Structures are given as structure tokens and as C-alpha cells.
Amino acid sequence: MALSKVDVANMLTGVTPVANGGTALSSGFINGFNSAPMVDTWIVTSSFSGTAEPISSNLSRSLDDSAEGHAQFGSINMTQSSGIFTFPQTGFYLVEFFLLIDEQGGGADGHVTAQIEATGDNSSYEEIAWAYMGVGASDITDAGHASAVFDITNTTNQKVRFAVAGQDSSNRALGTSDYMLTGMRFTRLGDT
Amino acid sequence: MARPRPNHIEDALTILHSKQWFTWTDSSNKIYANLRLSEKIGVNGNIVDNTVTELPTESAVNAKLKEMQDAWDAANG
């Protein structure tokens, strides 16, 4: 027999979650709740030729252009020293690396890589994600995007850095302080 | 699409040496007076002392930029 009604007073047992101020539950949370949302964008402010393993300088947080609605998001953000990025608190993070390369006289260059590298002991780094790019014999640019999700449980030991590898010493990665050509974005997805 | 004509000293700097050997005291005002050597560069997974130890002179930078512009003009009519 199909039920068309449920007798709440007599058929339910246990405790149902209670609204807290009408906006959040006081119990019954699920994993992934994001207590501190964050989107933090950094840019490489100068071009360079050849490799950077890792990128260690000319990094700046992307400035807001409030009139156009361009903004960072959240009350927490990443910090970096010599290209090594530290997460502001534990959580799941999406880390993205955008790289734009330019043939500048070095000729065809078929295996340039944008790499995201991570450490779990604040010492030894492993390559986590790669994006391959290539340029032709002359006057060609190419762009790559590498991304990875990290479960950061220890902000002291778990860090990330970024590298440009395999590029001919005469070709270059493009950077400017005006907008993102090469850069990184960190998005906090939720609590760990 | 052809590369734009080199028009900034940073174009010349990236030709003079490879890697992240230079930096700026003000990256929104990239003039020679604000040019500095990076203390460290990333090489093969390590952050090491910059192998470039002396800034090129302003005249050398400008000469390299003019050389690049002349080559671009010759190639693009």
C-alpha cells in the first residue's frame, strides 16, 4: 500500500537537525563544508627565457580591479617566499598553473612543461601535475594549464611550487604586472 | 601571426641571459633604474645563487634592444 502521508508524531524517532539562526545547521554537517572560502590569484610579473625550476622570483598577488569586478575572494590567502607557497589553513585546495610561452629565436620547442610540485615534509618536492606545450619554428606562442587538488592537513610541511622545464634558453615564458599571462590560482574547496 | 616589434628593455633582458636572473624594484615601472639582479634562481629543482653577478649597462641593454628592433624591421619590411 502506498503511503500518501507520514504520521510524524508517531513514526519518527531520534533527533532531527535544528536550524541555527535560520542559516546553518547546528548538527548533521557533512564533509566538504567550506568554513573559509578563498580564491587567491598570483602572477609572474616579468618574462624570462629558458627554464625556472622552480619559479623563485617576480611573483605578485594579482591586484583587484574593482571597477571591472576583478577581485580576490575570501578573508584568507596564500603566502610565498622564493616561490614556495604556504597554505593559510588546512583544507582541500584546487591549485592551477597557467603558462604562456613564446618562441623568441630558439626555434621549435616541443616539450616545454608547466609543472606543479609539492612537498609533504617541507623539503623534498615531487611533480604532481604537468601540462605540455610546444612552439613552432618562429613567432608562435602556446599556453598550458596544469591543475591538481590537494588535501592539506599540515600547513607547515605541505607546500607547493611551480616550474617551467624543458624550454630552450632562447625562448621565453611571458609575464607582466598588468594582467595574467603566467600565474597561479588557489581555490579553497572545503574543510579537510 | 608575427611577434610584435620588440619595444621594451625587458625584451632585451630575456635575450641577454636565460632564467629569472633579473627583477624590478617596481614591476609596474620597468625602467633601467629599477632593474636589479635576482638573488636566487631555480635550477634543476634547487634554489641557488644567481649565476649572473653583474647587471648589464644601460647602453648595452639599449644596444641589444635596437639590434632586435633592426632585425624585426628587416624581417617585416
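In this predicted model, 28 residues of chain A are in contact with 26 residues of chain B. Let's look at how the two chains meet, and then at the pockets.

**Where the chains meet**

The size of an interface is often given as the accessible area lost when the parts come together. For chain A and chain B, that buried area is about 2,000 Å², with 37% of it on carbon and sulfur atoms.

How many salt bridges are there between chain A and chain B? The count is 1. Its partners are Arg172(A) and Asp11(B), whose side chains meet with 2.9 Å from N to O. Polar contacts also cross the interface of chain A and chain B: the rule finds 19 residue pairs, with both residues at pLDDT 80 or more.

Which strands of chain A supply at least two residues each of the side that touches chain B? They are β4 (46–49) and β13 (172–176). The largest share comes from β4(A), with 4 residues. Sorted by class, the side of chain A that touches chain B has 16 polar residues, 6 nonpolar and 6 charged.

**The largest pocket**

Rolling a probe the size of a water molecule over the atoms shows where empty space is left. In this model, the largest pocket holds about 970 Å³ of space. It is lined by 36 residues, and those closest to its centre are Arg172(A), Arg3(B), Pro4(B), Pro6(B) and Asp11(B). Two of these names may ring a bell: Arg172(A) and Asp11(B) form the salt bridge described above.

Both chains help to build the lining of the largest pocket: β13 of chain A, α1 (9–16) of chain B and α2 (58–76) of chain B each supply at least two residues. Which element gives the largest share of this lining? It is α2(B), with 7 residues.

**The second largest pocket**

The second largest pocket has about 150 Å³ of space. Residues of chain A line it, including Thr41(A), Ile43(A), Asp65(A), His70(A), Tyr179(A), Met180(A) and Arg185(A). Ser62(A), Leu63(A), Ser177(A) and Asp178(A) are also among the lining residues of the second largest pocket.

Here are the two pockets side by side, with the residue classes of each lining.

| Pocket | Volume | Nonpolar | Polar | Charged |
|---|---|---|---|---|
| Largest pocket | about 970 Å³ | 13 residues | 12 residues | 11 residues |
| Second largest pocket | about 150 Å³ | 4 residues | 4 residues | 3 residues |

To finish, try finding Arg172(A) in the structure: its side chain meets Asp11(B) in a salt bridge, and Arg172(A) is also among the residues closest to the centre of the largest pocket.

Methods. Residues are numbered from 1 along each chain as its sequence is written. Chains are lettered from A and ligands numbered from 1 in the order in which they are written. This is a predicted model: local features need pLDDT of at least 70, side-chain atom pairs count only at pLDDT 80 or more; totals for chains, interfaces and linings use all residues. Side-chain values use heavy atoms; hydrogens and water are left out. Contact means heavy atoms within 4.5 Å. Buried area is the accessible area (1.4 Å probe) that two parts lose on being put together, summed over both. A salt bridge is a side-chain nitrogen of Lys or Arg within 4 Å of a carboxyl oxygen of Asp or Glu. A polar contact is a pair of N or O atoms within 3.5 Å; within protein, one must be able to donate a hydrogen and the other to accept it, and residues adjacent in sequence count only if both atoms are side-chain atoms. Ala, Val, Leu, Ile, Met, Phe, Trp, Tyr, Cys and Pro count as nonpolar, Asp, Glu, Lys and Arg as charged, and the others, Gly among them, as polar. On a 1 Å grid over the protein atoms alone, a cavity is a set of points where a 1.4 Å probe fits but cannot get out, and a pocket is an open set with protein on both sides within 12 Å along at least five of seven lines; lining residues have an atom within 4 Å of a point. Grid points are joined across faces, edges and corners, and a volume is the space filled by probe spheres set on the points.
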